[in-house]
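Trainee: I have this one open for the first time. Can you walk me through it?
Mentor: Sure, ask away as you go.

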Amino acid sequence: MKELVLILIALLTASFLVNVPRSDEDWFLYMGELRMYEMSAEADTLKARSLIFARSWVDRWLAGVNSTACEELPPPPNGSLFVQLLREDMMSKGFSLTGDLHYSIDESREGDSSDQAFGGYCRDGGIKVAASSRLTIRDDLLGIKARRYFDVGACQPTAYFLIREVLTGLRHRTIEIVRKAFSSEENVTAAPQEMREELTSLVRYLRRNLTDEGISLRLTYATEFAGEEVVIAFKAVVFDEEANIIRDGGLRRGFSCIREWGIRVRGS
Amino acid sequence: MKWMLAALISIIVVSYVLVIPTRVHLGWQVRWKARACSDLKRTVNELGYRILLGQSGQGELVSTCGGEKGIYYCVLIPGTSPSKKMRVGSP
């Protein structure tokens, strides 16, 4: 008898604890609420997910051009691909996604704002990504929709634009220096010396400006006399120690560009 | 001994009679799903790019979402390679 009473007390207590809902509650109401929460999870993470996608895109590209000549411009992330991937995923959940996402790439400036979901910071000559979204998620069965319009900017801290600009400027300047040094026909023997002094001065000037940015520069060259011609082969290595790139699930520090070029001039 | 037996029977009865039916009741599903979705939003928005570093906070990164017990919700994270989903469950 005592056991029976105990069981009844336990059942009664549990029934209060679990608060069994009333039987007349509308199934559609529950379903609508359920879908609303799901839609909200999809919609309210769109901005963060678009930035995660952009970071992944830019970093994958940067990892691919690391230790190369760095002559290309960074391609903007493919917004259509992002929308297509989400559309396929949402379709399997019974949602439809419409609208578009557009990305653009530009050079960043120190002081620009960067969204924390992207995980970077803005510095001079870095990569700035801007995302502009006009996306709408619909549940046609229940007739509910979530519209998310946003314009957001973020920065990849690798100073790619700055390095690219330095290397391009360095190449042009070395061509000018070499041509000037070897332009004088009367004093050809003094030309290599003059060229060396000019190049040393140029590299010193560039290093002074780049050191504050955490960037180092090394310029080497080899002079070869081929008959009446002089061939000077240059190699410049620029290393950005502040760069950080996400690759294969890890954060890699450092990014370098190596560019080689040759200049041919008449020696006498 | 009798008291222990009674307690054991009570637990079994309560589990089968009340807890399991309420677990599948939509009212509870909505509450748990609401919590899962809310946690999922917070997790994705707070972690951001750190998801690419394999961090998942209170969720987990999965290749496929579903086929397991429990109430949860997943969102696709484009950019993860191969494509992963962030899943947060409740309870």
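Trainee: What classes of residue make up the lining of the largest pocket?
Mentor: The model is a predicted one, to begin with. The lining of the largest pocket has six polar, five charged and four nonpolar residues.

Trainee: How much space lies in that largest pocket?
Mentor: About 310 Å³. The largest pocket is lined by 15 residues, and the closest to its centre are G249(A), L52(B), G79(B), T80(B) and S81(B).

Trainee: Which elements give two or more residues to its lining?
Mentor: Those are α3 (46–65) and β5 (229–247) of chain A. The largest share, three residues, comes from α3(A).

Trainee: And how do people find empty space like that?
Mentor: Rolling a probe the size of a water molecule over the atoms shows where empty space is left.

Trainee: You listed S81(B) by the centre. What kind of peptide bond joins S81(B) and P82(B)?
Mentor: A cis peptide bond, with omega at about -10 degrees. P82(B) sits in the loop between β2 and β3 (84–90) of chain B.

Trainee: Next pocket, then. How much space lies in the second largest one?
Mentor: About 220 Å³. The second largest pocket has 14 lining residues, and nearest its centre are K33(B), C65(B), Y72(B), Y73(B) and C74(B).

Trainee: Which element gives the most to that lining?
Mentor: β2(B), with four residues. Both α2 (26–47) and β2 (71–77) of chain B supply at least two residues each.

Trainee: How many of its lining residues are nonpolar, polar and charged?
Mentor: In the second largest pocket, five are nonpolar, four are polar and five are charged.

Trainee: Back to β5(A). What is the strand order of its sheet?
Mentor: The order is β4-β5-β6 in chain A, an open sheet of three strands with antiparallel pairing. β4 (215–226) and β6 (250–266) of chain A are at the edges with a single partner strand each, so one side of each has no neighbour in the sheet. From one strand to the next, the twist averages 15 degrees.

Trainee: How many bridges join β4(A) to β5(A)?
Mentor: 12 bridges, and the two strands run antiparallel. Going through some of the pairs, L217(A) is opposite V238(A), T220(A) is opposite K235(A), and Y221(A) is opposite F234(A).

Trainee: T220 and Y221 are next to each other in the numbering. Where do side chains go along a strand?
Mentor: In a regular strand the side chains alternate between the two faces of the sheet.

Trainee: What about the other pairing, how many bridges join β5(A) to β6(A)?
Mentor: 16 bridges, again in an antiparallel arrangement. One of the pairs is A236(A) in β5(A) with R259(A) in β6(A).

Trainee: How many residues lie between β5(A) and β6(A) in their hairpin?
Mentor: Two residues, and D248(A) in that turn has a positive phi of about 55 degrees. The hairpin of β4(A) and β5(A) also has two residues between its strands, and G227(A) in its turn has a positive phi of about 65 degrees.

Trainee: Which residue with a positive phi sits in the loop between α3 and α4 of chain A?
Mentor: S67(A), whose phi is about 65 degrees although it is not a glycine. The loop that holds S67(A) runs between α3 and α4 (79–91) of chain A.

Trainee: Which strands of the sheet does α3(A) touch?
Mentor: α3(A) packs on the sheet and touches β5 and β6 of chain A, with its direction at about 150 degrees to that of β5(A). Another helix, α6 (residues 191–211) of chain A, lies across β4 and β5 of chain A and runs at about 165 degrees to β4(A).

Trainee: Last topic, charges. How many salt bridges does the structure hold?
Mentor: 23 over all chains. One of them joins the side chains of R35(A) and D139(A), at 2.7 Å from N to O. R35(A) is in helix α2 (residues 27–43) and D139(A) is in strand β2 (residues 127–139), both of chain A, so to speak distant parts of the chain, 104 residues apart.

Technical notes: Residues are numbered from 1 along each chain as its sequence is written. Chains are lettered from A and ligands numbered from 1 in the order in which they are written. This is a predicted model: local features need pLDDT of at least 70, side-chain atom pairs count only at pLDDT 80 or more; totals for chains, interfaces and linings use all residues. Side-chain values use heavy atoms; hydrogens and water are left out. On a 1 Å grid over the protein atoms alone, a cavity is a set of points where a 1.4 Å probe fits but cannot get out, and a pocket is an open set with protein on both sides within 12 Å along at least five of seven lines; lining residues have an atom within 4 Å of a point. Grid points are joined across faces, edges and corners, and a volume is the space filled by probe spheres set on the points. Ala, Val, Leu, Ile, Met, Phe, Trp, Tyr, Cys and Pro count as nonpolar, Asp, Glu, Lys and Arg as charged, and the others, Gly among them, as polar. Two strands pair if DSSP finds at least two bridges between them. Axes are lines fitted to C-alpha atoms, for helices over the stretch in contact, and angles run from 0 to 180 degrees between N-to-C directions. Contact means heavy atoms within 4.5 Å. A salt bridge is a side-chain nitrogen of Lys or Arg within 4 Å of a carboxyl oxygen of Asp or Glu.
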